[in-house]
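Trainee: I am new to this structure, and I would like a close look at a single part of it. Could you take me slowly through the cysteines and how they are arranged?

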Amino acid sequence: MESRISRTRHRGDQGRYFNIFNAPTCLPLSSRMKYIFDAYNNSLKLLTILSGFPPEFIPAKAGAGMTQNKDMFRRTFLERRYTMKGKQIALFVTVVMFILCSASDAMKLDPNSIDEITTNPAQQVRGWSGNFAVFYPNPTAAWIDNRDPNYPTIYGVRVDDPSYTEFLIDPEARGCSQIAAWGTQCAYNIELSSTEQYIRIADISDPNHPRRWDYQVDWPHNIDISGSVVAYSGNDPDTYVETVYALDISDPNNIEQYAIRTLPSGEYTSGLAIDANSIVWSVSYSESGPYVQIADITDLSNPVITTKFLPEPIQFWYLDVSGEWLVTYGATSRNNQIYAVHNYTDVDNWEILTLWEEGADGEYYVSGPRVNGPVALWVTSTWVPSLQGQSELDSTEWILHASYLIGNGKFASSTLRRIETEISAAEVLDGQAVWSEYTTEMNLLKGDLLLECGDWGYKYGDLNRDCRVDLSDFAIFAETWLACTTPGDPDCEFGLLGGGS
């Protein structure tokens with residue numbers, strides 16, 4: 001059974017509910033009954049061996065023997081359940097705990113929910129990363145549009161509106177090149193001249209009458225917003241040194257700016273994001289090596305900053321944060337990768353996970369990642385030599401990837417969409433993906449994300465990977481009880497799993 005993903009509902013349907021004697025439902029009834037009896041017999045024999053019961057307690061065959069012996073077994077087993085031999089218990093637990101679980105390719109887009117949300121024939125969507133945004137938790141998307149020949153404009157649409165009727169947010173967004181959104185507000189850059197730049201705040205509480213406010217800054221980039229705070233990188237107006245700033249927009253008529261961190265001369269932020277009370281940024285090149293800094297902005301006037309130097313040869317570039325997770329596009333000396341760090345604010349105990357590695361499947365980085373709640377999205381593409389014999393490479397397929405980030409620090413990755421037309425970037429909106437796709441023109445599309453068995457991982461005892469630990473798994477374990485794979489031992493045989501699995 002599939003389940004909708006929600007940032008605020010991390011627990012939901014994990015799959016079908018099974019009877020304790022569950023058999024594969026694709027088999028005919030007679031085969032399922034045999035499967036049940038075999039599971040019973042194998043599991044009963046193993047329980048008897050582990051518990052130290054004499055052989056006469058083991059029914060010779062399921063069926064009549066099951067009815068006749070199970071009550072005796074149950075009574076005696078309950079009497080002895082606390083006296084099972086410690087070594088046998090330890091052996092059982094050890095064997096089960098070392099069974100390795102394979103990754104699942106399960107989370108997917110509901111094909112019936114995929115729809116184009118930019119339906120006005122006049123639209124000219126800018127679909128690259130940073131050129132459109134979603135207003136989590138408000139089900140709205142906004143984008144920079146080029147339909148006006150004089151200036152960029154900003155439009156929005158509610159993704160839950162069946163008619164996808166667009167509304168105008170800003171008719172004259174001069175020089176706009178990046179936009180971020182949260183709640184009912186979005187923030188984007190405005191460039192009137194080489195000496196006059198602003199961050200503009202637009203409030204769409206009333207989509208028919210958006211309100212806008214400007215705050216003058218110096219060459220803003222890496223703009224992000226969360227709650228009533230806008231974070232960005234820009235120049236110190238006096239020294240022209242890269243500085244991380246925060247704007248308190250709780251009162252848009254009286255915006256206050258705070259300098260969070262002035263970087264050493266010659267250093268620049270390669271990525272920046274804000275979530276709740278944390279601003280996070282990466283520096284790819286410094287005399288001390290690449291690093292990430294995290295500012296606790298509970299008190300904007302007195303931020304608390306921690307630093308994490310990255311292990312060689314890793315670098316972090318573009319990044320995003322949500323909840324306990326940091327995700328980033330980075331690289332080693334060998335290739336580009338998508339990384340994730342769970343509990344990223346605990347800089348003394350980082351474990352850098354690799355969600356995707358460039359070139360491993362003939363794919364190359366395009367954009368992302370973006371993260372919201374437990375879902376991270378990014379875009380890649382495959383490349384082959386041009387059919388025209390030109391030196392450049394032409395894209396053949398574009399792939400929208402996802403990882404479901406589990407609360408225990410693990411993840412399950414999947415391919416959501418693989419097509420031969422361009423996918424440029426993607427955003428996560430409370431159980432939905434919003435992405436840009438080019439056919440004859442650039443459009444924004446949306447689709448519902450569905451969870452399936454495997455996206456929450458597997459328990460070690462789930463040997464048949466059906467997201468339930470029951471007697472069917474016990475039967476698999478019993479079938480190979482005391483089997484061995486010791487190399488060179490004539491009584492042993494080859495296993496099914498490779499040593500590196």
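Mentor: What follows goes through the cysteines one pair at a time and then turns to some backbone details.

This is a predicted model, in which local features need pLDDT of at least 70 and side-chain atom pairs count only at pLDDT 80 or more, while totals for chains, interfaces and linings use all residues. Residues are numbered from 1 along each chain as its sequence is written, and side-chain values use heavy atoms, with hydrogens and water left out.

A disulfide is a covalent bond between the sulfur atoms of two cysteines. Here a disulfide is taken to be a pair of cysteine sulfur atoms within 2.5 Å, and the structure holds 2 of them. Counting the bonded cysteines along the chain, the pattern is 1-2, 3-4.

One disulfide joins Cys453 and Cys467, whose sulfur atoms are 2.0 Å apart. Cys453 and Cys467 each lie in the loop between E30 and H4, so the pair ties together parts that are 14 residues apart in sequence. Those labels follow DSSP runs, numbered from the N terminus, where helices are H or I runs of at least four residues and strands are E runs of at least two; strand E30 covers 442-451 and helix H4 covers 471-479. The torsion about the S-S bond of Cys453 and Cys467 is about 105 degrees, and the disulfide is therefore right-handed. For accessibility, buried means under 20% relative accessible area, exposed means over 50%, and partly exposed is in between, with a 1.4 Å probe and protein chains only. Cys453 is partly exposed, with a relative accessible area of 25%, and Cys467, at 26% relative accessibility, counts as partly exposed too. The backbone of Cys467 also deserves a look: its phi is positive, about 65 degrees, although Cys467 is not a glycine. Most residues other than glycine have a negative phi.

The other disulfide is formed by Cys484 and Cys492, with their sulfur atoms 1.8 Å apart. The torsion about the S-S bond of Cys484 and Cys492 is about -110 degrees, so this disulfide is left-handed. Cys484 has 24% relative accessibility and counts as partly exposed, whereas Cys492, at 16%, counts as buried.

Two further cysteines can be set beside these pairs. The closest cysteine sulfur to that of Cys176 is in Cys186, 8.8 Å away, which is too far for a bond. Likewise, the sulfur of Cys186 has its closest cysteine sulfur in Cys176. Cys176 is buried at 2% relative accessibility, and Cys186 is buried at 0%.

The positive phi of Cys467 can be read alongside another residue. Ala276, in the loop between strand E16 (269-275) and strand E17 (278-283), has a phi near 55 degrees, a positive value in a residue other than glycine. The backbone nitrogen of Ala276 lies 3.0 Å from a polar atom of the side chain of Ser226; a polar contact is a pair of N or O atoms within 3.5 Å, where within protein one must be able to donate a hydrogen and the other to accept it, and residues adjacent in sequence count only if both atoms are side-chain atoms. Ser226 belongs to strand E12 (residues 221-226) and is buried, at 8% relative accessibility. Leaving aside neighbours within four places in sequence, Ser226 is in contact (heavy atoms within 4.5 Å) with Trp182, Ile274, Asp275 and Ala276.
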